[in-house]
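Please look at the model below with its cysteines and its aromatic rings in mind. The paragraphs that follow take these two topics in turn.

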Amino acid sequence: MSQDSEKDSQSASSICPQDKIVFDAERGEYICTETGEVIEERAIDQGPEWRAFTPEEKEKRSRVGGPLNQTIHDRGLSTLIDWKDKDAMGRTLDPRRRLEALRWRKWQIRARIQSSIDRNLAQAMNELERIGNLLNLPKSVKDEAALIYRKAVEKGLVRGRSIESVVAAAIYAACRRMKIARTLDEISQFTKANRKEVARCYRLLLRELDVEVPVSDSKDYVTRIGSLLRLSGAVMKTAAEILDKAKNVGLTAGKDPAGLAAAAIYIAALQNDDRRTQKEIAQVAGVTEVTVRNRYKELINELKIQIPTQ
């Protein structure tokens, strides 16, 4: 476009109000609906070169990749060569092509993992996925744990420590942040590291990364314990109300939240005539029967709870 035409378009756009300017996609022109003047012509179309009329057709023709995945060491940005040894039509490759694909695959793996940090993240993300699947954690928790671990790698906190321990600590911190009821014992039992080592790494993450972790609430354990015991919604609601009363009078301070939740569920089950033994509840909650019994006595004595006769 010449300088004169640029000046004309600028003067026209200054005269025509912005809300009166429309874009003609077929001609690539910006036109004023009041005066009919062409403000700009030969505008570049930033959209795709194809057209789609249904969501299925749009998804099929789109060439955009998937979203970033924090649980993959390279966030899913690199390509992946399949191991099926088949072409685009599903036909098996001949031996010569198969050897070529094997060579491509080897170099592609080397290109994905180049530095020691890449190797560390690749091993850690596999471990995170394994533990997350065993604990039935949602994807949001695994993504949060992956972000925490990446920060630890950037700060050099993993050097000299077991990858399993730091991954388990990151998972525990993510569970606390997302209010998913998982204890340190549950997480550490799926790793070769012991609970003491995982707890040490957890405290290190909190101190060095400034990760804000809310105080563990016993109500977060009610839904999980209740669902595993197949209790009704009324029982879980009653248990949550008991824990609210206990919190108001200061009974929850310094107590294990899982043990308090187990005792509240035991009381609520008795009140709603959906009885469960202390042994059953203790096994699901991951605490001892003695803990359930002691918390049970504290709750009924301090809150003056009436238990129906058995």
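In this predicted model, the number of disulfides is 0. A disulfide is a covalent bond between the sulfur atoms of two cysteines, and the distances here show why none is assigned to Cys201: its sulfur lies 16 Å from the closest cysteine sulfur, that of Cys175, which is too far for a bond, given that a disulfide requires the two sulfur atoms to be within 2.5 Å. Seen from the other side, Cys175 is likewise in no disulfide, and the nearest cysteine sulfur to it is that of Cys201, 16 Å away. Cys175 is buried, its relative accessible area being 1%, and Cys201 also counts as buried, at 3% relative accessibility.

Turning to the aromatic rings, the model contains 3 aromatic pairs. One of them joins Phe23 and Tyr30, whose ring centres are 4.8 Å apart and whose planes meet at 45°, so that the pair is classed as tilted. Both partners are partly exposed, Phe23 with a relative accessible area of 40% and Tyr30 with a relative accessible area of 32%.

Another pair is formed by Tyr172 and Tyr202, where the centres are 4.8 Å apart and the planes stand at 70°, and the pair is therefore edge-to-face, since planes over 60 degrees apart fall into that class. This pair links distant parts of the chain, with Tyr172 in helix H6 (residues 163-177) and Tyr202 in helix H8 (residues 195-209), 30 residues apart. Tyr172 and Tyr202 are both buried.

Conventions: Residues are numbered from 1 along each chain as its sequence is written. This is a predicted model: local features need pLDDT of at least 70, side-chain atom pairs count only at pLDDT 80 or more; totals for chains, interfaces and linings use all residues. Side-chain values use heavy atoms; hydrogens and water are left out. Rings of Phe, Tyr and Trp (its six-membered ring) pair if their centres lie within 6.5 Å; planes under 30 degrees apart count as stacked, over 60 as edge-to-face and the rest as tilted. Buried means under 20% relative accessible area, exposed over 50%, partly exposed in between (1.4 Å probe, protein chains only). Helices (H or I, at least four residues) and strands (E, at least two) are DSSP runs, numbered from the N terminus.
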